[in-house]
Amino acid sequence: METACYLTDLPPTAATPADLAELIQGHWAIENRLHLIRDVAFDEDRRRARTGNAPQNFAILRNTAITLHRQHGATHIRPALRAGNRRPERLLNLLPETT
């Protein structure tokens, strides 16, 4: 048997077990959708940038890369990144046009 403890600011009358389960699953959906992709595709856990604003700045760049690839139809980020590494000129097509 496994026990998990969670904290919430919802009053007991407003937090049914179904509500809490939905909140927890929503959190893990975000974790799986973005953070796991950053960890796997960019090997983020082994990066050395840990001081100052560097970790946040690199996270912004990684999130931007993921978003741009998804906006252009990529469903799997790692292959999209590899394709961009093979032919970097393709990456320019991902950037939005500005006037």
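Is Gln71 buried or exposed? Keep that residue in mind, since the tour returns to it at the end, once the helices around the chain have been introduced.

**The whole chain**

Begin with the entire chain on display, bearing in mind that this is a predicted model. Coloured by secondary structure, the chain shows 3 helices and 0 strands, and reading from the N terminus the order of elements is α-α-α. The radius of gyration is 18 Å, well over the 13 Å that the globule rule gives for 99 residues, so the chain is more spread out than a compact globule. If you draw a box along the principal axes, the C-alpha atoms fill roughly 55 × 35 × 30 Å. Colouring by accessibility adds another view, in which 16% of the 99 residues count as buried. Among the contacts between residues at least 6 apart in sequence, 44% join residues at least 24 apart.

**Helix 1 against helix 2**

Next, select residues 17-41, which form helix 1, together with residues 54-71, which form helix 2. Two packed helices are described by the angle between their axes and the distance between those axes. Here the angle is about 110° and the axes lie 11 Å apart, which means that helix 1 is roughly perpendicular to helix 2. The crossing of these two helices is right-handed.

To see where they meet, show the side chains of Arg33, Leu34, Ile37 and Arg38 on helix 1, and those of Ala59, Arg62, Asn63, Ile66 and Arg70 on helix 2. The residues of this contact divide into 4 nonpolar, 1 polar and 4 charged.

**Leu34, on the helix 1 side**

Now centre the view on Leu34, which belongs to helix 1. With a relative accessibility of 23%, Leu34 counts as partly exposed, because the buried class is reserved for values under 20%. Once its neighbours within four places in sequence are set aside, Leu34 is in contact with Asn63 and Ile66. A distance drawn between the C-alpha atoms of Leu34 and Asn63 gives 7.9 Å, although 29 residues separate the two in sequence.

**Arg62, on the helix 2 side**

Move across to Arg62, a residue of helix 2. Its relative accessible area is 12%, so Arg62 is buried. Which residues does Arg62 touch, not counting those up to four places away in sequence? Select Arg38, Phe42, Glu44 and Arg47, and you will have those partners on screen.

**Helix 2 against helix 3**

Keep helix 2 in view and add residues 77-86, which make up helix 3. The axes of helix 2 and helix 3 come within 10 Å and cross at roughly 95°, and these two helices are therefore roughly perpendicular to each other. On the helix 2 side the contact is made by Ile66, His69 and Arg70, while on the helix 3 side Ile77, Ala80 and Leu81 take part. Sorted by type, the residues of this contact are 4 nonpolar, 1 polar and 1 charged. Ile66 and Arg70 deserve a second look, as they appear in the contact with helix 1 and also in the contact with helix 3.

**Back to Gln71**

Finally, select Gln71, which is found in helix 2. Its relative accessibility is 59%, so Gln71 counts as exposed, and this settles the opening question. Before leaving, add Leu94 to the selection: the C-alpha atoms of Gln71 and Leu94 are separated by 8.3 Å, with the two residues 23 apart along the chain.

Notes
Residues are numbered from 1 along each chain as its sequence is written. This is a predicted model: local features need pLDDT of at least 70, side-chain atom pairs count only at pLDDT 80 or more; totals for chains, interfaces and linings use all residues. Side-chain values use heavy atoms; hydrogens and water are left out. Helices (H or I, at least four residues) and strands (E, at least two) are DSSP runs, numbered from the N terminus. Buried means under 20% relative accessible area, exposed over 50%, partly exposed in between (1.4 Å probe, protein chains only). Contact means heavy atoms within 4.5 Å. Axes are lines fitted to C-alpha atoms, for helices over the stretch in contact, and angles run from 0 to 180 degrees between N-to-C directions. Angles under 35 degrees count as roughly parallel, over 145 as roughly antiparallel, 65 to 115 as roughly perpendicular and the rest as oblique. A crossing is left-handed if the near helix is turned anticlockwise from the far one by less than a right angle, and right-handed if clockwise. Ala, Val, Leu, Ile, Met, Phe, Trp, Tyr, Cys and Pro count as nonpolar, Asp, Glu, Lys and Arg as charged, and the others, Gly among them, as polar. The radius of gyration is taken over C-alpha atoms; the globule rule is 2.2 Å times the number of residues to the power 0.38.
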